[in-house]
Amino acid sequence: IGTEVAASARSLDWDVTLVARESAPLRRALGDDLGMYVASLHRRHGVGLRLDTAITDLHVAANHSGRAMLDDGSTIEANLIVAGIGSAPNTSWLDDSDLWIDDGVRTESCLRVLNTSGHPVHGIATAGDITRWPHPLFGPAPVRVEHWSNAAEQGRVAARTVLADVEGSASGIEATTHASVPSFWSDQYDAKILSVGLPHLADTSRIVE
């Protein structure tokens, strides 16, 4: 959100400062090398970058102008402040349930939810940002993916799983493993950033031209 809004604002010839806690924009999604590329892309287009920096406080005046205080003691005056702060899975409504909550809802490979003993719960499946499941391509640790395309694909798998559990063999539907490869894209200036897989899990990276 932050980098796309920054690119759109610069296209309007606005002065833009991008503040990020990370050492490079999109580092968690793309890894270090591509994160540094995104940083250079924004610098070339005139964005001021304040990296490894956090906003500690915001003040909004009566005329709606704002001031952001940073953790290094400096301030930024702004007519508009956009906060792209990410998201957290909303699982508090499941606190009294017997489901396994672990930065989302833990499931098995067909997206059946797991209880706190690690056993699948018949007839209940999840899809979307809340789902943490074992992806066959990415090792034993479960993953949680927030791409909208993943949510749509998981919806189909979760529906098949529930129908297979509820209707049984009479429906002719069998549960299937959710194994599609995560992907997303981002248009910034004249660049299109495409990601397939989970780059932040890579041990090494190469730039091939």
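A pocket, as the term is used here, is an open set of grid points with protein on both sides within 12 Å along at least five of seven lines. The model on display is predicted, and the tour below begins at one such pocket.

**Stop 1: the second largest pocket**

Select Leu 30, Gly 31, Asp 32, Asp 33 and Ser 205, the residues that lie nearest the centre of the second largest pocket. The space in this pocket amounts to about 340 Å³. Its lining comprises 14 residues, which divide into 5 nonpolar, 4 polar and 5 charged. Colour helix H2 (27–30) and helix H3 (32–44) next; each of them supplies at least two residues of that lining.

**Stop 2: Gly 31 and its flanking residues**

Centre the view on Gly 31, which is located in the loop between H2 and H3. Is Gly 31 buried or exposed? Its relative accessible area is 13%, so Gly 31 is buried, the cut-off for that class being under 20%. For a sense of scale, draw a line from the C-alpha atom of Gly 31 to that of Val 166: the two are separated by 42 Å and lie 135 residues apart along the chain.

Now display the side chains of Arg 27 and Asp 32, which meet in a salt bridge with an N to O distance of 2.5 Å. Arg 27 has a relative accessibility of 35% and therefore counts as partly exposed. Asp 32, with a relative accessible area of 41%, is also partly exposed. Asp 32 thus appears twice on this tour, as a partner of Arg 27 and as one of the residues nearest the centre of the pocket.

**Stop 3: the largest nonpolar core**

Select Ala 6, Ala 9, Val 16, Leu 18, Ala 20, Ala 39, Val 47, Leu 49 and Leu 51; these 9 residues make up the largest nonpolar core. Which residues does Leu 18 contact, leaving aside its neighbours within four places in sequence? They are Gly 2, Thr 3, Pro 25, Val 47, Gly 48, Leu 49 and Arg 50. A second, separate core has 7 residues, including Leu 111, Trp 133, Val 143 and Ala 158.

**Stop 4: a network of salt bridges**

The structure holds 12 salt bridges. Show Asp 103, Arg 132, Arg 144 and Glu 146 together, since salt bridges link these residues in a network. Within this group, the side chains of Arg 144 and Glu 146 meet at 3.0 Å, N to O. Arg 144 counts as buried because its relative accessibility is 18%, whereas Glu 146, at 37%, counts as partly exposed.

**Stop 5: Ala 191 and its surroundings**

Move to strand E11 (residues 191–196), in which Ala 191 is found. At 14% relative accessibility, Ala 191 counts as buried. Its contacts, apart from neighbours within four places in sequence, are Tyr 37, Leu 41 and Ser 186. Add Val 38 to the selection: its C-alpha atom is separated from that of Ala 191 by 9.7 Å, although the two residues are 153 residues apart along the chain.

To finish, select Asp 187 and Lys 192, which form a salt bridge whose closest N and O atoms are 2.8 Å apart. Asp 187 is partly exposed, with a relative accessible area of 44%.

How values were computed
Residues numbered from 1 in each chain as written. Predicted model: local features only at pLDDT ≥ 70, side-chain atom pairs only at ≥ 80, totals over all residues. Heavy atoms only, no water. 1 Å grid on protein atoms, 1.4 Å probe; cavity = no way out; pocket = protein on both sides within 12 Å on 5 of 7 lines; lining within 4 Å. Points joined across faces, edges and corners; volume = space filled by probe spheres on them. Helix = DSSP H or I, 4+ residues; strand = E, 2+ residues; numbered from the N terminus. Nonpolar A, V, L, I, M, F, W, Y, C, P; charged D, E, K, R; others polar. Core = buried A, V, L, I, M, F, W, Y, C linked by side-chain atoms within 4.5 Å. Buried < 20%, exposed > 50% of the residue type's maximum accessible area, 1.4 Å probe, protein only. Contact = heavy atoms within 4.5 Å. Salt bridge = Lys/Arg side-chain N within 4 Å of Asp/Glu carboxyl O.
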